[in-house]
Amino acid sequence: MIQATPVQVMDGADVRRAIRRIAHEISERHHGAENLVLIGIHTRGVPIAEGIARAISEFEDTHVPVGELDVGFYRDDLDHRPTTRLGRTLLPIDVTDETVVLVDDVLYTGRTIRAALDAISDLGRPAAVELAVLIDRGHRQLPIRADYVGKNLPTSLQERVTVRVEAMDREQGVWIERPQM
Amino acid sequence: MIAIHNARVLTPDGPIDTDLTVREGAVNSLSAGQAETHLDARGALVGPGFVDLHCHLREPGFEWKEDIRSGSKAAAAGGYTALVAMPNTNPAIDSGHLARFVADRGRAAGLVEVAPAGAITMGRTGTSLAHLDELFEAGVRIFTDDGVGVADAGLLRHAMEYLAERGGVVAQHAEDAGLARGGHMHEGVVSSRLGIRGLPSLAEEVMVARDLALVAHTGVRYHVMHVSSRGSIELVAGAKGAGLTVTAEVTPHHLSFDHSRVETMEPGFKMYPPLRTETDVTALGKALLNGTIDAVATDHAPHAPHECEVPFEEAPRGVIGLETAAAAVNTAIEPAPMTLFEKMSVTPALIAGLSGQGRWIEEGSPANLVIFDPDASWVPQGFVSKSQNSPFRGVKLRGKVMATIFCGRITYQALQ
Amino acid sequence: MKHLLSIADLDRAAIEGLLDLADHFTEVLERDIPKVPALRGMTVATLFFETSTRTRLSFEKAAKALSADVLNFNPSGSSLSKGESLKDTVLTVQAMGTDLMVVRHGAVGAPARVASWVDCPVINGGDGAHQHPTQALLDALTLRRRFGKLDGLRVAIVGDIRNSRVARSNIDAFTALGAAVTLVAPPTLLPLEIGSYPVSTSTELESILGDLDVIYLLRVQLERGSGPVLPSLPEYVARYGLDRRRFGLLGKEAVVMHPGPMNRGIEIASDVADDPRALITDQVSNGVATRMAVMFRLLTGKGQP
């Protein structure tokens, strides 16, 4: 029998610090926060994007718009995986000529991001698209890389990474489940 | 010579556990004897071969569905040693030579006694009488336009008066065309929910009621085919109570299924009369057991597979039944052995006037026999008939024909 | 869920799941590029053995908005009239590489038969007087958007209910979602065994107008040949037609629906049909999103029950 014992690798405070650091990196790279729009990928990318926007507004005099994107209709594995609950797609502004920063909780194979890029290109023509993730766990199957990473977390394929955020769950943090025989 | 061992033999005095020998087409003795062939009945019932008052052999004219030979094979597999073949062939059996043709083909196949029924009207068109005398001379005793009812009461009266005098039986397919028009299944809760035009019990009852008045007037022997509703049962009971010479039959499928089966939309559940309500099904079983309904008749109606692979409303009416009849009746109403054979062999033989059939077994009785194990379980999957349109496919049944003997020869065998 | 053949096969949760999915597709249809690649590379075949342009176009639009390819089988002038059986026709279409079939047929149960012969999912696009499931779903979606929910909603369905597959599907869908349904028709056009239906009935239209949230008008089916059971057309219009005066008897928030195509001046007055409280065009646009939801549900997530 496989028993999974989750090991916490980031607590709530760690997550907050990572989000704040990412917010600083974004505004540093773009010399401020003009013409930026953060788009969170459902489900937990959305509250993380909102967290980044809130952090930016604390030290820049800008309110960065935040959107939501569901990539359920763009996935390449619709045949095999059960259709999880769909979230809505809601863009606060037209993304054409803006710099879009996609935000997700975990970067893994890269397929979700590929789907998000397809979705974005159907929704407009941004000037540039960047990627911010809380966790990069490796094992990319496509040539996708994140511009901003909260924490690099090398994992094995059997492990499972769980992210929880205060805005949605009762707690906040990152856990790895390591299966044991 | 055939010896049957370990049999429960149905004699005029009831079931007796004994052996039996058959010789030169007759029952030689109720004991073991010298024989070339030995059958071990293992306690199964041995009784008179079943007699079907109502089956469609489709020859001449519809041989892709069935013919007299394949129908005879199916009959033998179902334990039948005699069949009354319905006249709705092409051409219809409305003249003597056509009746002789059917009987000859039956003899040539040599597996079962085929007694042709004759039409009441020429071509079964309901406009003028068929050659009733010719048919009678050719041996026909049961007259019916089966497939349709005789609508013209004046014409039916003449036929009844004629046949009352000669001694034939008028058998009616009771279906009032106006009330039945456009209907595909029983008019009730299920047809309403499915949006299928229904065929009410009234269509049958109205014609039976009318006919019984004519029977009272003419005194003819009258037989109601495939009774399906409580209303019809009551009419028949009333007529018998009034002393009219009325008999009635019911099919195994009407004893087994109600209209909820149609929700599967499979044409295997489409027939006339349609399957009706649970209450009707229960009433039919009771009526058979208490004698209001006299006999079981299969209304074996083969339709080729490609004809049945269509939407329900477009499917032809009718299902096969020879091979599953006894098992179905046994499963549905669990009759005592003598009762089962009374309803499936003895009484049908009397109604059809077949003197060599339906006789309880004793020394000298004709060797038209069936070995039937009432406890064997089986599930019908494929059928000997050319057609496969059976509502019993995949249905677990209790009771199985183990062997059939016709004129002293084994025509079917499932025993080791 | 392998096929969608009848609303009676769906429970409340399944219906609501499809409506939720349809909401997502409404958002997709409002984009500049109203298309997603979810069914790219798949082929949807429409087999309409009964003529209908609007429903078939709606299914076609839905399939294309999901990036599927569409094959339209048109029975007139086809081999079917040369005697090819229904079974052979659908097997031929399947052999060309079909991932989903939408079947409309005049015989009850035909889509179910097709489903037993082919490997792919089948959507019932309307079978005889039996069911028209996607119509009921889009109608339910329309009401949910207008009123928030259907629980307690007072709905009247008016017209030839006995012969209407739209009515049968709607009765199933609306009652499953908690609405109170009343059927209004002359006695010969109400379903038989009406006591077995979870509805009320009335043979008089005017008496109930004031207590309705929704009046759903069925098309008078002149082409189905109701024969002697239908009173004369002027008589029908006089008793059951929704004219301006009767429209005025409805509550201020009550809405009018119709599955289309409308016989203006018969079951519905022309100016009533154009009133903002008549939701007919909403029904049509909701139809595409609804059909997208059904196709998406049937063709993806095979792991899903």
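A nonpolar core, as I use the term, is a set of buried Ala, Val, Leu, Ile, Met, Phe, Trp, Tyr and Cys residues joined through C-beta atoms within 7 Å. I call a residue buried if 20 or more other C-beta atoms lie within 10 Å of its own, exposed if 12 or fewer, and partly exposed in between, with C-beta atoms placed from the backbone.

**Ground rules**

I am working with a predicted model, where local features need pLDDT of at least 70, side-chain atom pairs count only at pLDDT 80 or more, and totals for chains, interfaces and linings use all residues. Residues are numbered from 1 along each chain as its sequence is written, and chains are lettered from A and ligands numbered from 1 in the order in which they are written.

**Entry 1: the core**

I looked up the largest nonpolar core and found 279 residues in it. The residues with the most contacts inside this core are Leu38(A), Ile52(A), Val46(B), Leu66(C), Met101(C), Ile157(C) and Met295(C). Its largest share, eight residues, comes from helix α10 (residues 280-299) of chain C. Helices (H or I, at least four residues) and strands (E, at least two) are DSSP runs, numbered from the N terminus. This core also draws at least three residues from each of domain 1 (7-131 + 284-299) and domain 2 (133-280) of chain C.

I then picked out Ile52(A). Leaving aside residues up to four places away in sequence, Ile52(A) touches Ile19(A), Ile22(A), Ala23(A), Leu38(A), Val103(A) and Ala132(A). For contacts, I ask that the C-beta atoms of two residues, placed from the backbone, lie within 7 Å.

**Entry 2: who touches whom**

Which chains share the most contacts? Of the two pairs of chains in contact, I found that it is chains B and C. No contact joins chain A and chain B, and their closest C-alpha atoms lie 29 Å apart.

**Entry 3: chain B overall**

I counted 13 helices and 18 strands in chain B. Its radius of gyration (taken over C-alpha atoms) is 20 Å, which agrees with the value near 22 Å for a compact globule of 416 residues; the globule rule is 2.2 Å times the number of residues to the power 0.38. The C-alpha atoms of chain B fill a box of roughly 60 × 45 × 40 Å along the principal axes. Buried residues make up 60% of chain B.

**Entry 4: the helix α13(B)**

I followed α13 (residues 337-352) of chain B from end to end. It has 16 residues and reaches 22 Å from its first C-alpha to its last, close to the 22 Å expected, where the expected span is 1.5 Å times one less than the number of residues. α13(B) bends by about 45° at Lys343(B), the bend being the angle between axes fitted to the seven residues ending there and the seven starting there. Lys343(B) is also one of the buried residues of α13(B), which include Leu340(B), Phe341(B) and Met344(B). Just after the helix comes Gly353(B), with a positive phi near 70°.

Ahead of α13(B), I stopped at Glu334(B), in the loop between α12 (325-333) and α13 of chain B. Glu334(B) has a positive phi of about 45° although it is not a glycine. Is Glu334(B) buried, exposed or partly exposed? It counts as partly exposed, because it has 13 or more, namely 14, C-beta neighbours inside 10 Å.**Entry 5: chain C and its two domains**

Chain C has 10 helices and nine strands. With 305 residues, chain C has a radius of gyration of 19 Å, which agrees with the value near 19 Å for a compact globule. Its C-alpha atoms fill a box of roughly 55 × 45 × 35 Å along the principal axes, and 48% of its residues are buried.

I noted that chain C is divided into domain 1 (7-131 + 284-299) and domain 2 (133-280); these bounds come from an automatic or database domain assignment. The C-alpha centres of the two domains of chain C lie 25 Å apart. Where they meet, 23 residues of domain 1 of chain C are in contact with 21 residues of domain 2 of chain C. On the domain 1 side, α10(C) gives the most, with six residues.

**Entry 6: backbone oddities**

Most residues other than glycine have a negative phi, and most peptide bonds are trans, so I listed the exceptions that caught my eye. A cis peptide bond joins His42(A) and Thr43(A), with omega about 10°. Thr43(A) is in the loop between β2 (36-41) and α2 (45-59) of chain A. Another cis peptide bond joins Gly260(C) and Pro261(C), with omega about -10°. Pro261(C) lies in the loop between β9 (255-257) and α9 (270-273) of chain C.

His139(A), not a glycine, has a positive phi of about 65°. I found His139(A) in the loop between β5 (128-136) and β6 (148-152) of chain A. His139(A) counts as partly exposed because it has 13 C-beta neighbours inside 10 Å.
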